[in-house]
Amino acid sequence: MRKITTLDGIQTIPSAALREHLLDQTTKMLAGYGVDPLEEIGAIVLLDADERERFLDEEMEFVERVVLEDAEYLHGVRILGDCYGEDVYLMVKEVEDHV
């Protein structure tokens, strides 16, 4: 499990596709809520495929499948308190034939 609470933390993600996706989504979210930094409203949690037990569907506000260039993820949002939540990404599988 990796917990990211800053935009600089997103920059350290090895997967370029996931890094760009999260930068885009997080930048839009921060602008929409009119806040900065990210840690004021939440965090991003990255889970490896073997950490499935940490991704509890019943704790999520919603769950969606996100397919990026190099991997497929389950993405959910877990609300932990007033104005604070976590975007959780569980790697489901690596995509082998990406361009």
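Helices and strands are taken here as DSSP runs, helices of at least four residues and strands of at least two, numbered from the N terminus. On that basis, the largest share of the lining of the largest pocket, six residues, is contributed by α2. The model is a predicted one.

The volume of the largest pocket is about 390 Å³. Its lining comprises 22 residues, and those closest to the centre are M29, Y33, I41, V77 and D87. Two or more lining residues are given by each of α2, β2, β4 and β5. By residue class, the lining of the largest pocket consists of 12 nonpolar, seven polar and three charged residues.

The second largest pocket encloses about 170 Å³. A set of 13 residues lines this second pocket, with L18, L46, D48, Y73 and M91 nearest its centre. The elements that supply two or more residues to this lining are β2 and β5. Nine residues in the lining of the second largest pocket are nonpolar, one is polar and three are charged.

The strands form an open sheet of five members with mixed pairing, in the order β1-β2-β5-β4-β3. The edge positions are held by β1 (2–4) and β3 (63–67), each of which pairs on one side only. Direction ignored, neighbouring strands of the sheet are turned against each other by 25° on average. In general, the strands of a sheet pair through backbone hydrogen bonds, either parallel or antiparallel.

Pairing between β3 and β4 is antiparallel and involves five bridges. The two strands are joined by a hairpin through three residues. Among the bridge partners, V63 is matched with G76 of β4, and V67 stands opposite E72 of β4. V67, a residue of strand β3, has a relative accessibility of 56% and therefore counts as exposed, the cut-off for that class being over 50%. The C-alpha atom of V67 is separated by 14 Å from that of Q25, which is 42 residues away along the chain.

On the other side of β4, the pairing with β5 is also antiparallel, and the order of the sheet places β4 between β5 and β3. The β4–β5 pairing extends over 10 bridges. G76, already noted as the partner of V63, stands opposite V88 in β5. Another bridge matches G81 with Y84 of β5. Of the 11 residues of β4, eight are buried, so the strand is largely enclosed by the rest of the structure; a residue counts as buried under 20% relative accessible area.

The hairpin of β4 and β5 has two residues between the strands, and within this hairpin C83 takes a positive phi near 60°. C83 is a residue other than glycine with a positive phi value. The loop that contains C83 runs between β4 (71–81) and β5 (84–94). With a relative accessibility of 68%, C83 counts as exposed.

A further backbone feature occurs in the loop between α2 (16–33) and β2 (42–47), where P37 is found. The peptide bond joining D36 and P37 is cis, with omega at about 15°.

A search of the whole structure for aromatic pairs returned one. The ring centres of Y73 and Y89 lie 6.3 Å apart and the ring planes meet at 80°, so the pair is classed as edge-to-face, a class that requires planes over 60 degrees apart. The pair links distant parts of the chain, with Y73 in strand β4 and Y89 in strand β5, 16 residues apart. Y73 counts as buried because its relative accessibility is 5%, and Y89 likewise counts as buried, at 3%. Y73 is also one of the residues nearest the centre of the second largest pocket.

Notes:
Residues are numbered from 1 along each chain as its sequence is written. This is a predicted model: local features need pLDDT of at least 70, side-chain atom pairs count only at pLDDT 80 or more; totals for chains, interfaces and linings use all residues. Side-chain values use heavy atoms; hydrogens and water are left out. Buried means under 20% relative accessible area, exposed over 50%, partly exposed in between (1.4 Å probe, protein chains only). On a 1 Å grid over the protein atoms alone, a cavity is a set of points where a 1.4 Å probe fits but cannot get out, and a pocket is an open set with protein on both sides within 12 Å along at least five of seven lines; lining residues have an atom within 4 Å of a point. Grid points are joined across faces, edges and corners, and a volume is the space filled by probe spheres set on the points. Ala, Val, Leu, Ile, Met, Phe, Trp, Tyr, Cys and Pro count as nonpolar, Asp, Glu, Lys and Arg as charged, and the others, Gly among them, as polar. Two strands pair if DSSP finds at least two bridges between them. Axes are lines fitted to C-alpha atoms, for helices over the stretch in contact, and angles run from 0 to 180 degrees between N-to-C directions. Rings of Phe, Tyr and Trp (its six-membered ring) pair if their centres lie within 6.5 Å; planes under 30 degrees apart count as stacked, over 60 as edge-to-face and the rest as tilted.
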